[in-house]
Amino acid sequence: MRCPFCGNIDTQVKDSRPAEDHVSIRRRRFCPACGGRFTTYERVQLRDLVVIKSSGKREDFDRSKLERSIRIAMQKRPIDPERIDQMISGIVRRLESLGDTDISSKVIGEIVMESLARIDTVAYVRFASVYKNFQTADDFDGFVSELRPGAAGEE
Ligand SMILES: [Zn+2]
């Protein structure tokens, strides 16, 4: 694994253990060239998924892209990173078990919103506002009040 700091390809694994979600192995790595430390996660990829964009364009599913958009929505929220990682794994498992390797970006967006709604209302609204691309403030308000009954009971 190449060092993300200096590019050295000869890095060492210091420690391997199952991550809390038990679907990945967490490896702590050390770069002898620059002294950098970083962590990698190794996961089973059950199937290669293809995302069908609303334009009809096909694109290989990329977990790290999904992760990035979720982390943006989760920014500065008091949520344990491990929990976010578990949620992302759960989303990917759901996508993989849909029964079709071609998945529309709309379906992915909906599954992400569902998962976010269960964990953090603010992150959910952030993601949804980007995802649904609200045109008017009224739309947004209506949407937020819609989500309140469903979100109750968790907190
Ligand atoms: Zn390095």
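This briefing covers the packing of helices and the pairing of strands in one chain. The model is predicted. Two open sheets of three strands are described, one with the order β1-β2-β3 and one with the order β5-β4-β6. Helix α1 and helix α2 cross each other, and helix α3 lies across β4 and β6.

**Helices α1 and α2**

- Two packed helices are described by the angle between their axes and the distance between the axes.
- Helix α1 spans residues 63-73 and helix α2 spans residues 81-96; their axes come within 11 Å and cross at roughly 130°.
- That angle makes α1 oblique to α2, because an angle counts as roughly antiparallel when over 145 degrees and as roughly perpendicular from 65 to 115.
- The crossing of α1 and α2 is right-handed.
- On the α1 side, the contact is made by Arg63, Leu66, Glu67, Ile70 and Arg71.
- On the α2 side, these residues meet Ile84, Ile88, Ile91 and Val92.
- Sorted by class, the contact of α1 with α2 holds six nonpolar and three charged residues, and no polar ones.

**Sheet β1-β2-β3**

- This open sheet of three strands has antiparallel pairing.
- Its edge strands are β1 (12-18) and β3 (37-43), each of which pairs on one side only.
- On average, neighbouring strands in this sheet are turned by 25° against each other, direction ignored.
- Strand β2 covers residues 24-30 and runs antiparallel to β1, with six bridges joining the two.
- Glutamine 12 has phenylalanine 30, in β2, as its bridge partner.

**Sheet β5-β4-β6**

- This open sheet of three strands has mixed pairing.
- The edge positions are taken by β5 (58-60) and β6 (102-104), and each of these strands pairs on one side only.
- Neighbouring strands here are turned by 35° against each other on average, direction ignored.
- Strand β4, residues 50-52, is joined to β5 by three bridges, and the two strands run antiparallel.
- Within this part of the sheet, isoleucine 52 stands opposite arginine 58 in β5.

**Helix α3 on the sheet**

- Helix α3 is formed by residues 105-119 and lies across β4 and β6.
- The helix runs at about 70° to β6, a strand at the edge of the sheet.

Key
Residues are numbered from 1 along each chain as its sequence is written. This is a predicted model: local features need pLDDT of at least 70, side-chain atom pairs count only at pLDDT 80 or more; totals for chains, interfaces and linings use all residues. Axes are lines fitted to C-alpha atoms, for helices over the stretch in contact, and angles run from 0 to 180 degrees between N-to-C directions. Helices (H or I, at least four residues) and strands (E, at least two) are DSSP runs, numbered from the N terminus. Angles under 35 degrees count as roughly parallel, over 145 as roughly antiparallel, 65 to 115 as roughly perpendicular and the rest as oblique. A crossing is left-handed if the near helix is turned anticlockwise from the far one by less than a right angle, and right-handed if clockwise. Two residues are in contact if their C-beta atoms, placed from the backbone, lie within 7 Å. Ala, Val, Leu, Ile, Met, Phe, Trp, Tyr, Cys and Pro count as nonpolar, Asp, Glu, Lys and Arg as charged, and the others, Gly among them, as polar. Two strands pair if DSSP finds at least two bridges between them.
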